[in-house]
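Let's take a friendly walk through this model together. Have the sequence and the 3D view open side by side, and follow along as we go.

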Amino acid sequence: MVATLRAAGPDAPTLCEGWTTRDLAAHLVVREGRPDAAIGVFVPALAPRLEELRLRECEREWDDLLSRIDDGAPWYSPLRYADQVANAAEYLVHHEDVLRARQGWSAREFGPEDLERVWTLATTVAKTFLRKVRARVELRPPSEMPASKVAPVSTGAAVAPMVSVTAEPVEMLLWAFGRDAVRVDVSGAQRGIDEVLAVSRGI
């Protein structure tokens, strides 16, 4: 992540609307260094404080920002001790936010174990918003992954139209986080497709 940010420079675009790489780097520094404020991502009343701190970090020298990301969370942050759980999706998505904002981007390759882990993260996130959809939804991995990885979404709509969302694990994770620069196939009954495509994605 740090190497990609350094290569892109502080003023490169990202997939986060309105954010440059500097904005994104500042967000990561605040998220790890100020867990008391980072909760503003989920609590609207605290969002202004989070943004205030992020803008303050934006004023730092670019190399200083990158060094802070490279150092990881400070000792007092819970994220330092829960890195594998708390940061896997966050850093993967934001890494792709930088890479895919470039012209001619190409998907990165990951090993089977990483892909299985990403698939679990992706389906967990996707289920949180797909349960609002008035359709029966199945999240389907690519053919090279076992059929047992198909993840049905319980919507309580027993007679609703059937829809399949098929994607590589990383594509599914990015789609679940609300990104549109992804390769995802949504198929099935048109009414169900319309429901899935209209739902608000992301966290």
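About 10900 Å² of the chain is exposed, with carbon and sulfur atoms supplying 52% of it; accessible areas come from the Shrake-Rupley method with a 1.4 Å probe, and for residues only the protein chains shown count as cover. Please keep in mind that this is a predicted model, in which local features need pLDDT of at least 70 and side-chain atom pairs count only at pLDDT 80 or more, while totals for chains, interfaces and linings use all residues. Residues are numbered from 1 along each chain as its sequence is written, and side-chain values use heavy atoms, leaving out hydrogens and water.

Of the 203 residues of the chain, 45% count as buried, meaning under 20% relative accessible area, with exposed being over 50% and partly exposed in between (1.4 Å probe, protein chains only). The chain has 10 helices and 4 strands, where helices (H or I, at least four residues) and strands (E, at least two) are DSSP runs numbered from the N terminus. From the N terminus on, the order is α-α-α-α-α-α-α-α-β-β-β-α-β-α.

Let's begin among the helices. The axes of helix 2 (residues 21–33) and helix 7 (residues 88–99) come within 11 Å and cross at roughly 170°; axes are lines fitted to C-alpha atoms, for helices over the stretch in contact, and angles run from 0 to 180 degrees between N-to-C directions. That makes helix 2 roughly antiparallel to helix 7, a term for angles over 145 degrees. Thr 21, Leu 24, His 27, Leu 28, Arg 31 and Glu 32 of helix 2 meet Glu 90, Tyr 91, His 94, Asp 97 and Val 98 of helix 7, contact being heavy atoms within 4.5 Å. Helix 2 also holds Gly 33, which counts as buried at 13% relative accessibility. Measuring from C-alpha to C-alpha, Gly 33 and Ile 69 are 9.5 Å apart in space and 36 residues apart in sequence.

Now turn to the sheet. Here 4 strands form an open sheet in the order 2-1-3-4, with mixed pairing; two strands pair if DSSP finds at least two bridges between them. Strand 2 (151–153) and strand 4 (185–188) are the edge strands, each pairing on one side only. Strand 1 (residues 136–140) runs antiparallel to strand 2, joined by 3 bridges, and Val 137 stands opposite Val 153 in strand 2. Helix 8 (residues 112–130) lies across strand 1 and strand 2, at about 165° to strand 1.

Technical notes. Parallel < 35°, antiparallel > 145°, perpendicular 65-115°, else oblique.
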